[in-house]
Amino acid sequence: MTLVDVINLFDTDERCRELLVRLRWSGGPECVRCHMPVVELATAKQLFYCKDCDYQFTVTAATIFNDSHLPLQKWFLATLLLCEARKGMSANQIKRTLGVSYKTAWYLCHRIRAAMKEVDRPMMDGTVEVDETYVGGRPPRGSKPGRGTPKEVVIGIRQRGGDLRFFHAADAKSGTLAKYISENVSQDVEVMVTDEFTSYPGAMKKTGLTAKHKTVKHKNRVYVDGDIHTNTVESAFSLLKRGIIGSWHKISAKHLPAYLDEMTFRFNRRKNANLFLDTLRHMVTLQF
Ligand SMILES: [Zn+2]
């Protein structure tokens, strides 16, 4: 789907709604309250009526679109822009590109981002890399960058050739790392690769994965030792950092988890031609 496609195919609210109906109810429209089949009102197109509970609604009822008065085409265009921007897109850029107010652009980004969330997260196996990074405000004058600065901690877990997950963590202590590892990595994993950071041996012990743990020694400038490297999770971190610097500028700790979800949702579907439709589907099916 390109920008030209969205402009041509979804030029009216009616056409946008037709697509949303198909995405929301693959088996035909059903009541948003009692889930019984419904009919479209003869008097008002695209308004559905449930005779079981005497309720009228549209396809955007009880969804992320809520009762937005913004034309649906603007929603579609903003969604496509966010899907296509590998490093993310700022509300300011959406504002300029779509010709909406900053407030509207911010609201659109916020809502669409909320839909870019994984609903199904199977346990990872094969070769899994774990690393942590620090993002956010500048460290205080005189403090060293990296570990030990009062920035926000992001833990990255990536199955090589598979999914990437980012978590906003309270710290990078072994107990915290162990929690995210045990929630995301299967006991059947073949290899766990990390760098030599002192929290990892403890985290592996706590998760019972010590025997599968391999360490890459950055200190000795050994960055790639055959298959023992953390390059794939590190490349995802560098994309995250470029996104934060280039597109979002400053993000607050409060909004960081949503940005991380957006980043990984897009990253995990970067070779998927249906990213735009997947996102729209989430926008009419996820519970908010
Ligand atoms: Zn009903």
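**Exercise 1. Classify the burial of Phe 57 and describe its ring contacts.**

Solution. Phe 57 has a relative accessible area of 3%, so it is buried. The model is a predicted one. Buried here requires a value under 20%. Tyr 55, at 22%, is therefore partly exposed. The two residues form an aromatic pair with ring centres 5.7 Å from each other and 25° between the planes, and the pair is stacked. The cut-off for stacked is under 30 degrees. Ring pairs also bring in Trp 25 and Phe 48, giving a cluster of Trp 25, Phe 48, Tyr 55 and Phe 57. Over the whole structure, a search finds 11 aromatic pairs.

**Exercise 2. Determine the geometry of the pair Phe 166 and Phe 237, and locate both residues.**

Solution. Start with the rings: the centres are 5.4 Å apart and the planes lie at 10°, so this pair is stacked. Next, place the residues. Phe 166 belongs to strand β6, while Phe 237 belongs to helix α8 (residues 231-248). They are 71 residues apart, and the pair links distant parts of the chain. Finally, check burial: Phe 166 and Phe 237 are both buried.

**Exercise 3. Identify the protein donors of the zinc ion and assign the coordination geometry.**

Solution. First, list the donors. They are the SG atoms of Cys 31, Cys 34, Cys 50 and Cys 53, at 2.2 to 2.3 Å from the zinc ion. Second, test the angles. Four donors count as tetrahedral if all angles lie between 85 and 135 degrees. The angles between the donor atoms are 102 to 122°, so the arrangement is tetrahedral. For reference, the ideal angle for four tetrahedral donors is 109.5 degrees. Third, read the spacing along the chain, which is C-x2-C-x15-C-x2-C. Cys 31 sits in the loop between α2 (13-24) and β1 (39-40), and Cys 50 sits in strand β2 (residues 48-50); the pair therefore ties together parts 19 residues apart in sequence. Fourth, consider accessibility. Cys 31 is buried because its relative accessibility is 0%. Cys 50 also has a relative accessible area of 0% and is buried.

**Exercise 4. Examine the backbone at His 35 and Gln 46.**

Solution. Most residues other than glycine have a negative phi. His 35 has a positive phi, near 65°, and lies in the loop between α2 and β1. Gln 46 likewise has a positive phi near 65°, and its place is the loop between β1 and β2. With a relative accessible area of 14%, Gln 46 counts as buried.

**Exercise 5. Work out the order of the five-stranded sheet and the helices that lie across it.**

Solution. Begin with the order: the five strands run β6-β5-β4-β7-β8 in an open sheet of mixed pairing. The edges are β6 (164-169) and β8 (213-216), each paired on one side only. From one strand to the next, the twist averages 25°.

Then take one pairing in detail. Strands β4 (residues 127-135) and β7 (residues 191-195) run parallel and are joined by three bridges. In β7, Val 193 stands opposite Glu 129.

Last, add the helices. Helix α7 (residues 199-207) lies across β4, β7 and β8, at about 155° to β7. Helix α9 (residues 256-268) lies across β4, β5 (152-159) and β6, at about 175° to β6.

How values were computed. Residues numbered from 1 in each chain as written. Predicted model: local features only at pLDDT ≥ 70, side-chain atom pairs only at ≥ 80, totals over all residues. Heavy atoms only, no water. Donors = N, O, S within 2.8 Å, 3.2 Å for Na, K, Ca; no water. Tetrahedral: all angles 85-135°; square planar, octahedral: opposite > 155°, others 65-115°. Helix = DSSP H or I, 4+ residues; strand = E, 2+ residues; numbered from the N terminus. Buried < 20%, exposed > 50% of the residue type's maximum accessible area, 1.4 Å probe, protein only. Pairing = 2+ DSSP bridges. Axes fitted to C-alpha atoms, helices over the stretch in contact; angles between N-to-C directions. Contact = heavy atoms within 4.5 Å. Phe/Tyr/Trp six-rings, centres within 6.5 Å; stacked < 30°, edge-to-face > 60°.
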